[in-house]
Amino acid sequence: MAKPKMRNVPDLTGIALPGAEINVKVTSKAALDRITLDGGLIRVYVTAPPAEGKANDAVRRVLAIALGVPATSLTLRRGQTSRDKLFVYDP
């Protein structure tokens, strides 16, 4: 089964530079997967529950779509169990 396309995703390709650190605030168990920009803060909403790393994987996937990069090039550096996460783009 093909993964569904996301609509109305903000264009974050400008911050997808090698070594870039991307801070996000996560809300799990949301109604739908989406990203919003609140000033300089990136908020990621995912439908996945915060158990067994499912929400972290979903955030990585959604963020990769907005950045226009493969999800495997995003590494979660800080925030495994927190709502505030730090991803690093390493192509």
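This passage describes the sheet of a predicted model and the helix that packs on it. Local features are reported at pLDDT of at least 70, side-chain atom pairs count only at pLDDT 80 or more, and totals for chains, interfaces and linings use all residues. Residues are numbered from 1 along each chain as its sequence is written, and side-chain values use heavy atoms, with hydrogens and water left out.

Five strands (DSSP runs of E, at least two residues, numbered from the N terminus) form an open sheet of mixed pairing, in the order β2-β3-β1-β5-β4. Two strands are taken to pair if DSSP finds at least two bridges between them. At the edges lie β2 (34–38) and β4 (74–78), each of which pairs on one side only. From one strand to the next, the twist averages 35°; axes are lines fitted to C-alpha atoms, for helices over the stretch in contact, and angles run from 0 to 180 degrees between N-to-C directions.

Strand β2 runs antiparallel to β3 (residues 41–45), to which five bridges join it. Here arginine 34 stands opposite tyrosine 45. Five bridges also link β1 and β5 in the antiparallel sense, with asparagine 23 opposite leucine 86. Leucine 86 is likewise the bridge partner of arginine 78, and four bridges join the antiparallel strands β4 and β5. The hairpin of these two strands has five residues between them, and glycine 79 takes a positive phi near 105°.

Helix α1 (residues 54–67; a DSSP run of H or I, at least four residues) packs on the sheet and touches β1 (21–27), β2, β3, β4 and β5 (84–89), where contact means heavy atoms within 4.5 Å. The direction of α1 makes about 125° with that of β4. In β5, five of the six residues are buried, that is, under 20% relative accessible area (1.4 Å probe, protein chains only).

Conventions
Buried means under 20% relative accessible area, exposed over 50%, partly exposed in between (1.4 Å probe, protein chains only).
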